[in-house]
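Welcome to a short set of exercises with worked solutions. Keep the viewer open and try each task before reading on.

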Amino acid sequence: MGTDGKWSRLNKKLIEFMETNDFFGLGTIYYEMADFLEKEDKNNDHLKRFGYYAKLQHQINELERLKRLGCKEVKILTDRESCVVCKKSNHRTLSLKEAEFLKPLPVEGCAHKYGCRCTYHSVKF
């Protein structure tokens with residue numbers, strides 16, 4: 001697939017994720033776009049920021065969902081593909097209020113190519 005074709009596919013995915021309010025998917029696509037620009041030796045900082053903030057919104061929404069379910073405590077879980085920085089947070093347990101205040105996810109400084117892959121897991125209701 002050529003440059004225009006790939007960029008077009010990424011933009012279509014962005015629209016799809018925007019229409020469904022899928023902030024995690026949106027963030028991942030922004031990181032994918034950033035990776036694409038990096039390979040062309042172009043500045044990609046703005047896309048990485050967009051990706052981070054989209055994933056931050058996803059995590060805020062997830063905490064709100066867990067709160068509505070009556071969750072009181074969460075645990076951070078990493079993915080097998082998570083970076084070393086994120087893996088330091090694996091199994092970290094926080095009260096829901098603490099997680100809402102600190103916003104530890106997405107992990108700042110995450111080195112994964114497509115951004116933080118960590119997630120909250122409900123521990124205590």
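**Exercise 1. Describe the fold in outline: in what order do the elements of the chain run from the N terminus on?**

Solution. Step one is to read off the order, which is α-α-α-β-α-β-α-β in this predicted model. Step two is to count: the secondary structure comes to five helices and three strands. Step three adds the dimensions, with the C-alpha trace spanning about 50 × 30 × 20 Å along its principal axes.

**Exercise 2. Characterise the chain as a whole: what share of its residues is buried, and how many positive and negative side chains does it have?**

Solution. Start with burial: of the 125 residues in the chain, 37% are buried. Next comes the accessible surface, about 7,700 Å², with carbon and sulfur atoms contributing 51% of it. Now turn to charge. There are 23 positive and 18 negative side chains, and the centres of these two sets lie 5 Å apart. Finally, look at contacts with a separation of 6 or more: 55% of them are between residues 24 or more positions apart.

**Exercise 3. Work out how many disulfides the chain has, using a cut-off of 2.5 Å between cysteine sulfur atoms.**

Solution. Begin with Cys110, for which the nearest cysteine sulfur is that of Cys86, 3.6 Å away. A disulfide needs the two sulfur atoms within 2.5 Å, so this distance does not qualify. Cys110 is therefore in no disulfide. Go on to Cys71, whose nearest cysteine sulfur, that of Cys118, is 17 Å away; Cys71 is in no disulfide either. The count for the chain comes to zero. While you are at Cys71, check its surroundings: its relative accessible area is 3%, so it is buried.

**Exercise 4. Examine two residues of helix 2: is Phe23 buried, partly exposed or exposed, and which residues does it touch?**

Solution. First, place the residues. Phe23 is in helix 2, and Gly25 is found there too, the helix covering residues 23-39. Second, compare each value with the cut-off for buried, under 20%. Gly25 has a relative accessible area of 7%, so it is buried. Phe23 has 25%, which means that it is partly exposed. Third, list the contacts of Phe23: leaving out residues up to four places away in sequence, it touches Ala54, Lys55, Gln57, His58 and Asn61. Fourth, add the C-alpha distances. Phe23 and Tyr53 are 30 residues apart along the chain, with their C-alpha atoms separated by 8.8 Å. For Gly25 and Leu14, 11 residues apart, the separation is 8.1 Å.

**Exercise 5. Find out where Glu62 lies and which side chain it joins in a polar contact.**

Solution. Glu62 lies in helix 3, residues 45-68. Its relative accessibility is 16%, so it counts as buried. The side chains of Glu62 and Arg65 are joined by a polar contact of 2.8 Å.

**Exercise 6. Inspect the backbone: what is phi of Asn21, and which peptide bond is cis?**

Solution. Keep in mind that most residues other than glycine have a negative phi, and most peptide bonds are trans. Asn21 has a positive phi near 55°; it sits in the loop between helix 1 and helix 2. Asp41 also has a positive phi, about 55°, and its place is in the loop between helix 2 and helix 3. Asn21 is exposed at 55% relative accessibility, as is Asp41 at 74%. Lastly, the peptide bond from Leu105 to Pro106 is cis, with omega near 0°. Pro106 is in the loop between helix 5 and strand 3.

Terms used. Residues numbered from 1 in each chain as written. Predicted model: local features only at pLDDT ≥ 70, side-chain atom pairs only at ≥ 80, totals over all residues. Heavy atoms only, no water. Helix = DSSP H or I, 4+ residues; strand = E, 2+ residues; numbered from the N terminus. Buried < 20%, exposed > 50% of the residue type's maximum accessible area, 1.4 Å probe, protein only. Polar contact = N/O pair within 3.5 Å; in protein donor to acceptor, adjacent residues only side chain to side chain. Contact = heavy atoms within 4.5 Å. Areas by Shrake-Rupley, 256 points an atom, 1.4 Å probe, with all protein chains shown as cover. Lys, Arg positive; Asp, Glu negative; His and termini not counted. Charge placed at Lys NZ, Arg CZ, Asp CG, Glu CD.
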